[in-house]
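The exercises below are meant to be worked with the sequence and the coordinates open side by side. Try each task before reading its solution.

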There are 2 protein chains.
Amino acid sequence: MSIQEKFSRLGTDNAPGQEVRQEASAIATLLRGAALAGRPVDFSHGDVDAHEPTPGAFDVFSAGVAAGGRQAYTEYRGDFGIRELVALRLAEFTGAPVDARDGLIITPGTQGALFLSIACTTARGDKVAIMQPDYFANRKLVEFFEGTVVPIRLDYAGSEGRAGIDLEQLQAAFTAGAKVFLFSNPNNPAGVVYSANEIAAIAELAGRHGATVIVDQLYSRLLYPGMAYTHLRAGSLDPENVVTIMGPSKTESLSGYRLGVAFGSRAIINRMEKLQAIVSLRAGGYSQAVLRTWFDEPAGWMQERIRRHQAIRDDLLAVLRATPGVSVRTPDAGSYVFPALPDLAVSHADFVRILRLQAGVTVTPGTEFSPHAGNSIRLNFSQDHEAAVQAVERLVALVERYRA
Amino acid sequence: MSIQEKFSRLGTDNAPGQEVRQEASAIATLLRGAALAGRPVDFSHGDVDAHEPTPGAFDVFSAGVAAGGRQAYTEYRGDFGIRELVALRLAEFTGAPVDARDGLIITPGTQGALFLSIACTTARGDKVAIMQPDYFANRKLVEFFEGTVVPIRLDYAGSEGRAGIDLEQLQAAFTAGAKVFLFSNPNNPAGVVYSANEIAAIAELAGRHGATVIVDQLYSRLLYPGMAYTHLRAGSLDPENVVTIMGPSKTESLSGYRLGVAFGSRAIINRMEKLQAIVSLRAGGYSQAVLRTWFDEPAGWMQERIRRHQAIRDDLLAVLRATPGVSVRTPDAGSYVFPALPDLAVSHADFVRILRLQAGVTVTPGTEFSPHAGNSIRLNFSQDHEAAVQAVERLVALVERYRA
């Protein structure tokens, strides 16, 4: 594959946060009516000003700077003292041991962990099972390493009480030779959590076929009341065949520090460090210190964060569900909602652009997550509560205006 | 190529900073005499406690944190305001325009820029010309993307007044089909600067063959008095065929913030951003703010930094040159010195381990930079002056003790 072909498949024009690079287009001819006034809301990512970083994060960073060279230059996989601390907390959270020396790597964001984990398990021509829909980079990562994507359907809309994975498709993928399965739990974009039965079935199928499972648990701490969460790594699968990815960038609003971790399989973590040495050397040295605050937030802090997000979620769902033709499942966890819109007089891709132009509302088109989700849009509702509700009111007003 | 083969070529055990992961080995049987007392010095990287980060860097970082979401979530290629600022300064420094919108990307360290630039120019089977010796990751990057390394000899030892590139080999590489040439200037590890004639010849050859040149100028600001520096990008080569990489992590001791930039070819920078989106999203948002201090240091600050490094350099050279059989060229720029050692009673690889054990002196073996530099070692002399001199005195004492 030539470099030109390889990169033609790596488009980022509609990726969250990149909207500012879109050229002015012929969209003007499609516009109906006047713009709607209101405070602009960028639902492509969370608003860390509305939901501030963990208390103490900056102080710990400052202490890292004061520590000087030993914090600036860590092992490529990260400072050992911090790995020890984090390993204990992650073992407690996930219910299975974490090897601080050989089974954990600190990465520049969870994106860094995803990149390294796919790079370290996927050779040219390898089959990799990924969910549809799922995080937009998953497909691109597999394609960049010239692996073959085997899509697995997630029937999130029709599966209350479970995520809705099509286990027959997963079994068929393994039977056809897929040696890697990558999925996010809770699912990004749909916010659904895999049930204990679903996780047990994934472990059983992967175990039977000797497959490696990479699970992106970025939002697993922001779990709404009454929901149960099952950690794949605490189940029956050989621990050397599981890599778990987490990070403090979302729920904890620490994105600006670019931190993630991957933990589990020693063999894969070892390869990931070798690769990180030539990709970015290490996660920012001073930033690593911020992990000291992770899973050590003040009492009640996480509960309050969850309460506030639930309140926003429920208000947005009410506005969306009052609009005929809009359908949406209640997210179990995290801060994404993924409504399906009715047919419109413009394409859904154009509607996403119109939303930005006429309502100051930035959302991510469903096609970033699945070729079959073109009528859906993703909203990260970790926003100012009032501004978010008003923005979604403008959104549904435009749905009415452009209804087919 | 299987994943196992691919990663077996990516060893990091001897990479700078990774020595802590080496297992205790059978080295004990080779030891002669007692350990030498003295303050340990890790010459594998600079000591940012001895040469502190640029004044004001932390304040600017803090302001970035205070700016909140808009600093945490930038375009993947980095905050536009910061790109504008840096583009102007880099244009002035290098003597050719820099396009802030389309021709510059901020990366997690210069390592990030190197990785992306090779990934975006090298497909499987492509020939890439690289210098021997040169920065240890260059070879690994080409091999990771299954390119073919075409080595070009650098006769640094015998070429005062120029770096010593073998231009006939470079021409032969281009004639044989190499479409990319990657080199560091000043050279890492030898600290030599390419002359105006050498740069003009590189530009002429690359231009004639339509090749892209990636030049890593990480140390180009730390230039010793009387040296001239020629920027390739200000020469005759088509600007779309040049990518220049720099960063504030070395001379400015800002490594802990993980910052680099690549600038030049719009087409390649555009691909680099697409790839960065799935590799690490962006350089740490708050860290990007630190670039505001770059090329804007207090008056006299850089001159003083150069003066102090020159003083250390000259003292170390005197100690090394007083030792029979040790040969070393005076570095023109930067803080690396790359002496060749005489034959010893142990292998040079074992001697590097013995140095650590018996003298508390960590250096990087020459084989990291070239298969033909096994008798050389690299020292980053950006250290405490007195400690560095004493450490090199212990080093030459052990050369005497183990002399063949």
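**Exercise 1. A pair of helices in chain A**

In this predicted model, the axes of helix α5 (residues 109–119) of chain A and helix α6 (residues 136–144) of chain A come within 10 Å and cross at roughly 35 degrees. Describe how α5(A) passes α6(A), and find which residues make the contact.

Solution. Two packed helices are described by the angle between their axes together with the distance between those axes.

Step 1. The crossing in which α5(A) passes α6(A) is right-handed.

Step 2. On the side of α5(A), the contact is made by A:Gln111, A:Leu114, A:Phe115 and A:Ile118, and these face A:Ala137, A:Leu141 and A:Val142 of α6(A).

Step 3. Sorted by class, the residues of this contact are six nonpolar and one polar, with no charged residue among them.

Step 4. Looking beyond the contact, one finds that α5(A) is mostly covered, since eleven of its eleven residues are buried; among them are A:Gly109, A:Thr110, A:Gly112 and A:Ser117.

**Exercise 2. One residue of the matching helix in chain B**

Determine whether B:Leu116 is buried or exposed, and list the residues with which B:Leu116 is in contact, leaving aside its neighbours within four places in sequence.

Solution. Step 1. Locate B:Leu116, which is found in helix α5 of chain B.

Step 2. Count its surroundings: 30 other C-beta atoms lie within 10 Å of B:Leu116, and a residue is called buried when 20 or more do so, so B:Leu116 is buried.

Step 3. Apart from neighbours within four places in sequence, the contacts of B:Leu116 are B:Thr107, B:Ala262, B:Met272, B:Leu275 and B:Gln276.

Step 4. For a contrast in distance, take B:Ser382, which is 266 residues apart from B:Leu116 along the chain, and whose C-alpha atom is separated from that of B:Leu116 by 27 Å.

Step 5. The setting of B:Leu116 agrees with that of its helix, for α5(B) is mostly covered, with eleven of its eleven residues buried.

**Exercise 3. How the two chains meet**

Work out how many residues of each chain are in contact across the interface, and by what rotation chain B is superposed on chain A.

Solution. Step 1. Across the interface, 54 residues of chain B are in contact with 54 residues of chain A.

Step 2. The elements of chain B that give two or more residues to this side are α1 (3–8), α2 (57–67), α3 (69–72), α5 (109–119), α6 (136–144), α9 (266–279) and α10 (285–288), and α9(B) gives the most, with seven residues.

Step 3. By class, the side of chain B that touches chain A holds 26 nonpolar, 18 polar and ten charged residues.

Step 4. Chain B is superposed on chain A by a rotation of 180 degrees with 0.0 Å of shift along the axis, at an RMSD of 0.0 Å; the two copies are therefore related as by a two-fold rotation axis.

Step 5. Because 100% of the interface residues of chain B are also interface residues in chain A, the copies meet through the same surface.

**Exercise 4. Two domains in chain A**

State how chain A is divided into domains, and which element gives the most to the side of domain 1 that touches domain 2.

Solution. Step 1. Chain A is divided into domain 1 (3–52 + 300–402) and domain 2 (58–293), and 26 Å separate the centres of these domains, taken over C-alpha atoms.

Step 2. In chain A, 30 residues of domain 1 are in contact with 28 residues of domain 2.

Step 3. Two or more residues of the domain 1 side come from each of α11 (301–321) and β9 (336–337) of chain A, and α11(A) gives the most, with five residues.

Step 4. This side of domain 1 divides into twelve nonpolar, ten polar and eight charged residues.

**Exercise 5. Backbone checks in the loops**

Find where A:Pro133 and A:Ser253 lie in chain A, and describe the backbone at each.

Solution. Step 1. A:Pro133 lies in the loop between β3 (127–132) and α6 of chain A, and the peptide bond that joins A:Gln132 to A:Pro133 is cis, with omega about 0 degrees.

Step 2. A:Ser253, in the loop between β7 (242–246) and β8 (260–264) of chain A, has a positive phi of about 60 degrees although it is not a glycine.

Step 3. A:Ser253 counts as buried, because 24 C-beta neighbours lie inside 10 Å.

Definitions and conventions:
Residues numbered from 1 in each chain as written. Chains lettered and ligands numbered in written order. Predicted model: local features only at pLDDT ≥ 70, side-chain atom pairs only at ≥ 80, totals over all residues. Contact = placed C-beta atoms within 7 Å. Helix = DSSP H or I, 4+ residues; strand = E, 2+ residues; numbered from the N terminus. Nonpolar A, V, L, I, M, F, W, Y, C, P; charged D, E, K, R; others polar. Axes fitted to C-alpha atoms, helices over the stretch in contact; angles between N-to-C directions. Left-handed = near helix turned anticlockwise from the far one by under 90°. Buried ≥ 20, exposed ≤ 12 C-beta atoms within 10 Å, placed from the backbone. Least-squares fit on C-alpha atoms with pLDDT ≥ 70 in both. Domains from an automatic or database assignment.
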